[in-house]
Structures are given as C-alpha cells and as structure tokens.
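Thanks for making the time this morning. I would like to walk through one model with you, going from the overall picture to a few individual residues, and I will try to be careful about what the coordinates say.

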Amino acid sequence: EREVLKAMKRLNEKEVYVVKNRIMSDEPLTLQEIGTHLKLSRERVRQIESEALKKLRKELITSTYLAA
C-alpha cells in the first residue's frame with residue numbers, strides 16, 4: 001500500500017481523483033459521476049484512468065526493480 005501511495009505522487013490532480021474514486025473506493029463512482037464532477041465526458045475520464053494506471057504500473061515496476 002505504501003508503494004502505491006508513493007507512486008500516486010507522480011499523478012496529476014485529475015488522475016488521483018479518478019484512481020481514488022474509481023479503483024480505491026469502497027463504493028466506486030461511475031465514469032459518468034466522475035465526469036460530471038470534473039466537467040469531462042465519460043470517454044475522457046476513461047482515458048485519464050487508463051493513463052493513470054499506466055503511470056502507476058510503470059512506477060511500481062521501476063521501484064520494485066530498483067529495490068531488488
């Protein structure tokens with residue numbers, strides 16, 4: 001969990017909001033709900049989510065590799 005929170009520091013505000021409310025939440029919001037809040041389309045929220053997850057994966061793989 002600590003590694004994920006550290007990796008999230010690499011994300012911008014919108015990406016953090018999307019990840020926290022779509023993936024890390026006990027009651028995840030829909031793309032539509034997040035889009036309404038951020039004044040974005042569902043498709044744009046989906047794109048932001050996808051980019052954020054790519055960044056997190058890359059950061060976690062890099063930190064795991066460097067720690068080994």
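The secondary structure of the protein chain amounts to 4 helices and 0 strands, and, read from the N terminus, the elements follow one another as α-α-α-α. Please keep in mind throughout that this is a predicted model, so the confidence deserves a word before any detail, since where pLDDT is low, the predicted coordinates should not be read in detail. Here the mean pLDDT of the protein chain is 93, with 97% of its residues at 70 or more. Confidence is lowest in helix H1, residues 2-8, where the mean is 87, and highest in H3, where the mean is 98.

As for the overall dimensions, a box taken along the principal axes and filled by the C-alpha atoms of the protein chain comes to roughly 40 × 20 × 15 Å. Of the 68 residues in the protein chain, 24% are buried. If we take the contacts with a separation of 6 or more, 49% of them are between residues 24 or more positions apart.

Let me turn to the pair formed by H2 and H3. How do their axes lie relative to each other? The axis of helix H2, residues 13-22, and that of helix H3, residues 31-38, come within 11 Å and cross at roughly 145°, and the crossing in which H2 passes H3 is right-handed. On the H2 side the contact is made by Lys14, Tyr17, Val18, Asn21 and Arg22, and on the H3 side by Leu31, Ile34, His37 and Leu38. Sorted by class, this contact of H2 with H3 has 5 nonpolar, 2 polar and 2 charged residues.

Staying with H3 for a moment, which of its residues are buried? The buried ones are Leu31, Ile34, Gly35 and Leu38, and they lie on the same side of H3, because the arc they cover around the axis is only 100°.

Two of the residues in the contact between H2 and H3 are worth taking individually. Arginine 22, in helix H2, has a relative accessible area of 27% and is therefore partly exposed. Leaving out residues up to four places away in sequence, arginine 22 touches Pro28, Leu29, Thr30, Leu31, Ile34 and Glu49. Leucine 38, which lies in helix H3, touches Lys14, Tyr17 and Val18 when residues up to four places away in sequence are again not counted. Between arginine 22 and leucine 38, which are 16 residues apart in sequence, the C-alpha to C-alpha distance is 13 Å. For leucine 38 and valine 19, 19 residues apart along the chain, the C-alpha atoms are likewise separated by 13 Å.

Just after H3 comes lysine 39, placed in the loop between H3 and H4. Its phi is near 60°, which is a positive value in a residue other than glycine. Is lysine 39 buried or exposed? Lysine 39 counts as exposed, because its relative accessibility is 75%.

The last group of residues brings in helix H4, residues 42-67, where glutamate 49 has its place. With a relative accessible area of 12%, glutamate 49 falls under the 20% cut-off, so this glutamate is buried. Not counting residues up to four places away in sequence, glutamate 49 touches Val18, Arg22, Ile23 and Leu31.

A second glutamate, at position 15, sits in helix H2. Glutamate 15 counts as buried because its relative accessibility is 5%. Leaving aside neighbours within four places in sequence, glutamate 15 is in contact with Ile48, Glu51, Ala52 and Lys55.

Lysine 54 also has its place in helix H4, and, at a relative accessible area of 47%, lysine 54 is partly exposed. The C-alpha atoms of lysine 54 and leucine 11 are separated by 10 Å, although these two residues are 43 residues apart along the chain.

To close, I would come back to two points: the buried residues of H3 include Leu31 and Leu38, and both of these residues also take part in the contact with H2. I am happy to go back to any of these residues in the discussion.

Key
Residues are numbered from 1 along each chain as its sequence is written. This is a predicted model: local features need pLDDT of at least 70, side-chain atom pairs count only at pLDDT 80 or more; totals for chains, interfaces and linings use all residues. Side-chain values use heavy atoms; hydrogens and water are left out. Axes are lines fitted to C-alpha atoms, for helices over the stretch in contact, and angles run from 0 to 180 degrees between N-to-C directions. A crossing is left-handed if the near helix is turned anticlockwise from the far one by less than a right angle, and right-handed if clockwise. Contact means heavy atoms within 4.5 Å. Ala, Val, Leu, Ile, Met, Phe, Trp, Tyr, Cys and Pro count as nonpolar, Asp, Glu, Lys and Arg as charged, and the others, Gly among them, as polar. Buried means under 20% relative accessible area, exposed over 50%, partly exposed in between (1.4 Å probe, protein chains only). pLDDT is the predictor's confidence in each residue, from 0 to 100. The arc is that of the directions from the helix axis to the C-beta atoms.
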